[in-house]
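User: I am new to reading protein models. Please pick one part of this structure, look at it closely, and then walk me outwards from there in plain words.

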Amino acid sequence: MGHYADKFKEKFKNDFVKLYLNTGEAKDFPLWRYKVAVTLSGKSKIKGYVNVALYGTDGNTKQYQITSGTLKPDNTYTAFIDAETNVGKITKVKFLWNNNWINPTFPKLGAATITVEAGQNGTEFRFCGSGTVREDVLQTLTAC
């Protein structure tokens, strides 16, 4: 039961097992899972992190970190996020990257594409970016 349960099925031999679930902070404690895949664009690799926020017909999410470490253009980074908001039909995605230190070369990075799969029903949404941005500048991607 729960996320990644298949990785632990052989570790338990008893009939009694404690189980834990991801829950939200607000009453009824729901979470909505989304699979987010970000393909980067740019000219050179950069150390830093990538955040994404989802915007939809029923609300939006806060920013969630998708990856951190070396960010390479043309690579795709995938993460699962558990949002406290069911955003409904996703209409746009906001992308932000940062490396938390001043770089005099002012590197730029962008999201070429972001694909979001809703865990509730498997619906997939695809968004395309245009160009690159400097660190800490929001890039808005729309459906493509």
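Analyst:
**A loop residue and what surrounds it**

Leaving out residues up to four places away in sequence, N99 touches I46, K47, G48 and E135; contact here means heavy atoms within 4.5 Å. Before we go on, please keep in mind that this is a predicted model, in which local features need pLDDT of at least 70 and side-chain atom pairs count only at pLDDT 80 or more, while totals for chains, interfaces and linings use all residues. Residues are numbered from 1 along each chain as its sequence is written, and side-chain values use heavy atoms, with hydrogens and water left out.

Where does N99 lie? Its place is the loop between strand 6 (90-98) and strand 7 (108-118). Strands (E, at least two residues) and helices (H or I, at least four) are DSSP runs, numbered from the N terminus. Is N99 buried or exposed? N99 counts as buried because its relative accessibility is 9%. The cut-offs are under 20% relative accessible area for buried, over 50% for exposed, and partly exposed in between, using a 1.4 Å probe and protein chains only.

Now let us move to T132, which sits in the loop between strand 8 and strand 9. With a relative accessibility of 31%, T132 counts as partly exposed. Setting aside residues within four places in sequence, T132 is in contact with S41, G42, K108, L109 and G110. One of these partners, G110, is 22 residues from T132 in sequence, yet the two C-alpha atoms are 4.1 Å apart in space.

G110 leads us on to T39, a residue of strand 1 (residues 32-42). Beyond residues up to four places away in sequence, T39 touches D74, N75, T76, G110, A111, A112 and T113. T39 is buried because 18% is its relative accessibility.

One partner of T39 deserves a stop of its own, namely D74. D74 belongs to the loop between strand 4 (64-71) and strand 5. Although D74 is not a glycine, its phi is positive, at about 75°. D74 counts as exposed because its relative accessibility is 69%. A positive phi, near 65°, turns up in D136 too, which is likewise a residue other than glycine. You will find D136 in the loop between strand 9 (133-134) and strand 10, and D136 is exposed, with a relative accessible area of 52%.

Next come the links between side chains. Side chains of opposite charge can pair when their charged atoms come close. A salt bridge is counted when a side-chain nitrogen of Lys or Arg is within 4 Å of a carboxyl oxygen of Asp or Glu, and the count comes to one. The side chains of D82 and R33 form this salt bridge, at 2.7 Å from N to O. D82 lies in strand 5 (residues 76-83) and R33 in strand 1, so the pair ties together parts that are 49 residues apart in sequence. R33 counts as partly exposed, at 21% relative accessibility.

A disulfide is a covalent bond between the sulfur atoms of two cysteines. The cut-off used for a disulfide is a pair of cysteine sulfur atoms within 2.5 Å, and the structure holds one. C128 and C144 form it, with 2.0 Å between their sulfur atoms. This pair links distant parts of the chain, 16 residues apart: C128 is in strand 8 (residues 124-128), and C144 is in the segment after strand 10 (139-143). The link of C128 and C144 is right-handed, with 65° about the S-S bond. C128 is partly exposed at 28% relative accessible area, whereas C144 counts as exposed at 52%.

Finally, let us step back to the whole protein. It has ten strands and zero helices. Of its 144 residues, 35% are buried. Among contacts with a separation of 6 or more, 67% are between residues 24 or more positions apart. The C-alpha trace spans about 60 × 35 × 25 Å along its principal axes. About 9300 Å² of the protein is exposed, and carbon and sulfur atoms supply 49% of that area; accessible areas come from the Shrake-Rupley method with a 1.4 Å probe, and for residues only the protein chains shown count as cover.
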